[in-house]
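Here is a quick tour for anyone opening this structure for the very first time. Take a look at the sequence and the fold, then read on.

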Amino acid sequence: MWGGGEAGGTDGSIVNLPLNAKGGCSLEVIALGDFAREWDVPLMAVIAVDLSLTNTLRFPTVVTFPSSDQLSLVRATLALFERYSWSTVSLLCGDVNPSGADNTLFYAATCSGFINALKKSSHIDALNVLHFDARTADNEGYENMLQTAGTQSRVILLFVATARRLRDIMVNDLTVSAAEVMSSITEVLSQFSSRQLEAMTGTDFRKHFLNRTFELESRSVFIGPKGMRICDVDLYRMNATTGEMEIVWQYKSVSDTFRQTSLQNVIWRSQNGPPVNRPVCGFRGDRCIGSLEKSAVATIVVLTVFSSFIFGAGIFWFSHQHMNESVWWLLEEMRLVSAITRSKLGSF
């Protein structure tokens, strides 16, 4: 709710400081952020995650404190892609929550943020997006959708709202984030006198949150250079033996580093390691059709020539054997004898 808020400076006096802390979703904060810009009033958003809120020109007075920010999620995802040289990606975006819970906008905003970020990434050379209604999708529908994605890309990212239990988790997280917003504001206010606060604009007040770590009782909170909280990201994988989810990779947002937690945890189904970005014959097998035809033709030619040679050699051998057995003039030296015929004309 908009209005004047009372804040205390370092001198103990109370000043009238227009300030708004909002727990609404990204769409609501985006609308309020435009008003905050025009009125030059600080707007502290508790859970808004949309990447558009990092546009400093449009939202020069907005600071966001979500526990899971899109910027870190996108960076961690791209770091994973770069680690294994994957650049073909499909996004499956569920537009409606099948359970009727009200966390659909969170996933819709996250999917939209990923689409925009991956389109701008120079590392991604093939991006496919499929939208679906989770209320009507059945097993056959999911299977067809996954098959379609499998013929287009190596990596598939699924964004779909889940059960109400996640809503309860988000509500608890909202409470923690709201407390962190108030603690961070208090820490900033305590640095200035009432006179300094009265002369401070909303844009100037926001600058005191940027590139800053707040060591709070709940956890450390780092606000990045664009006014959005930057979080570390853990990437999990299921242990095939125990069935438990284990942390395999970790992305540190502040240092922009991506590391593998354990070599034992990364076990690929293929003995050759992680799958390549594109199969040798393409996702549909169409890249090998021409080469297979050429190989088939070459094989047929070789077999034909070889068969002709064997057939010709066989005919020659058979003919030669038949001739040796039937030729009447074949003489052997050991069987030659002298034949002397005497007659009146002489000896022959």
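## The big picture

Two residues count as being in contact when they have heavy atoms within 4.5 Å of each other. With that in hand, look at the contacts in the protein chain with a separation of 6 or more: residues 24 or more positions apart account for 60% of them. Keep in mind that this is a predicted model.

The protein chain has 348 residues, and buried ones make up 35% of them. As for secondary structure, the chain comes to 8 helices and 16 strands.

## Helix H1

Let's start with H1, which covers residues 26-39. This helix has 14 residues and spans 20 Å between its first C-alpha and its last, close to the 20 Å expected at 1.5 Å a residue.

Which of its residues are buried? They are Ser-26, Val-29, Ile-30, Leu-32, Gly-33 and Ala-36. These buried residues pack against three strands: E3 (20-22), E4 (43-45) and E5 (62-64). Just after H1 comes Asp-40, with a positive phi of about 55°.

## Helix H2 and the loop after it

H2 also has 14 residues, and from first C-alpha to last it reaches 20 Å, close to the 20 Å expected at 1.5 Å a residue. This helix is mostly covered, with 10 of its 14 residues buried. Reading along H2, the buried ones are Gln-70, Leu-71, Ser-72, Val-74, Ala-76, Thr-77, Leu-78, Ala-79, Leu-80 and Phe-81.

Just after H2, you'll come to Ser-85, where phi is positive at about 60°. Ser-85 sits in the loop between H2 and strand E6 (88-94). Most residues other than glycine have a negative phi, and that's what makes a spot like this worth a second look. Ser-85 is a residue other than glycine with a positive phi.

## A pocket with helix walls

Now for the second largest pocket, which has a volume of about 440 Å³. It has 15 lining residues, and the closest to its centre are Leu-51, Thr-54, Leu-71, Ala-117 and Lys-120. Two elements give two or more residues to this lining: helix H2 (70-83) and helix H3 (104-120). The largest share, 5 residues, comes from H3.

What kinds of residues line this pocket? The lining divides into 5 nonpolar, 6 polar and 4 charged residues.

## Thr-110 in H3

While we're at H3, take a look at Thr-110, which lies in this helix. Is Thr-110 buried or exposed? Its relative accessible area is 6%, and buried means under 20%, so Thr-110 is buried. Leaving aside neighbours within four places in sequence, Thr-110 is in contact with Val-49, Gln-70 and Phe-159. Gln-70 is one of the buried residues of H2, while Phe-159 belongs to strand E8.

## Strand E8 and its partner

E8 runs over residues 155-159, and its side chains alternate. Val-155, Leu-157 and Phe-159 point to one face and are buried, whereas Ile-156 and Leu-158 point to the other and are not.

How many bridges join E6 to E8? There are 5, and the two strands run parallel. To see one pairing up close, find Leu-91: its bridge partner in E8 is Leu-157.

## The E13–E14 hairpin

Further along the chain, strand E13 (residues 245-252) and strand E14 (residues 257-260) run antiparallel, joined by 4 bridges. One pairing to look for is Trp-249, whose bridge partner in E14 is Gln-260. The two strands form a hairpin with 4 residues between them.

In that turn you'll find Asp-256, which has a positive phi of about 55° although it is not a glycine. Where does Asp-256 stand on the scale from buried to exposed? Its relative accessible area is 53%, and exposed means over 50%, so Asp-256 is exposed.

Back in E13, there's Ile-247. Its relative accessible area of 26% makes it partly exposed. The C-alpha atoms of Ile-247 and Tyr-236 are separated by 4.4 Å, with the two residues 11 apart along the chain.

Notes. Residues are numbered from 1 along each chain as its sequence is written. This is a predicted model: local features need pLDDT of at least 70, side-chain atom pairs count only at pLDDT 80 or more; totals for chains, interfaces and linings use all residues. Side-chain values use heavy atoms; hydrogens and water are left out. The expected span of a helix is 1.5 Å times one less than its number of residues. Buried means under 20% relative accessible area, exposed over 50%, partly exposed in between (1.4 Å probe, protein chains only). On a 1 Å grid over the protein atoms alone, a cavity is a set of points where a 1.4 Å probe fits but cannot get out, and a pocket is an open set with protein on both sides within 12 Å along at least five of seven lines; lining residues have an atom within 4 Å of a point. Grid points are joined across faces, edges and corners, and a volume is the space filled by probe spheres set on the points. Ala, Val, Leu, Ile, Met, Phe, Trp, Tyr, Cys and Pro count as nonpolar, Asp, Glu, Lys and Arg as charged, and the others, Gly among them, as polar. Two strands pair if DSSP finds at least two bridges between them.
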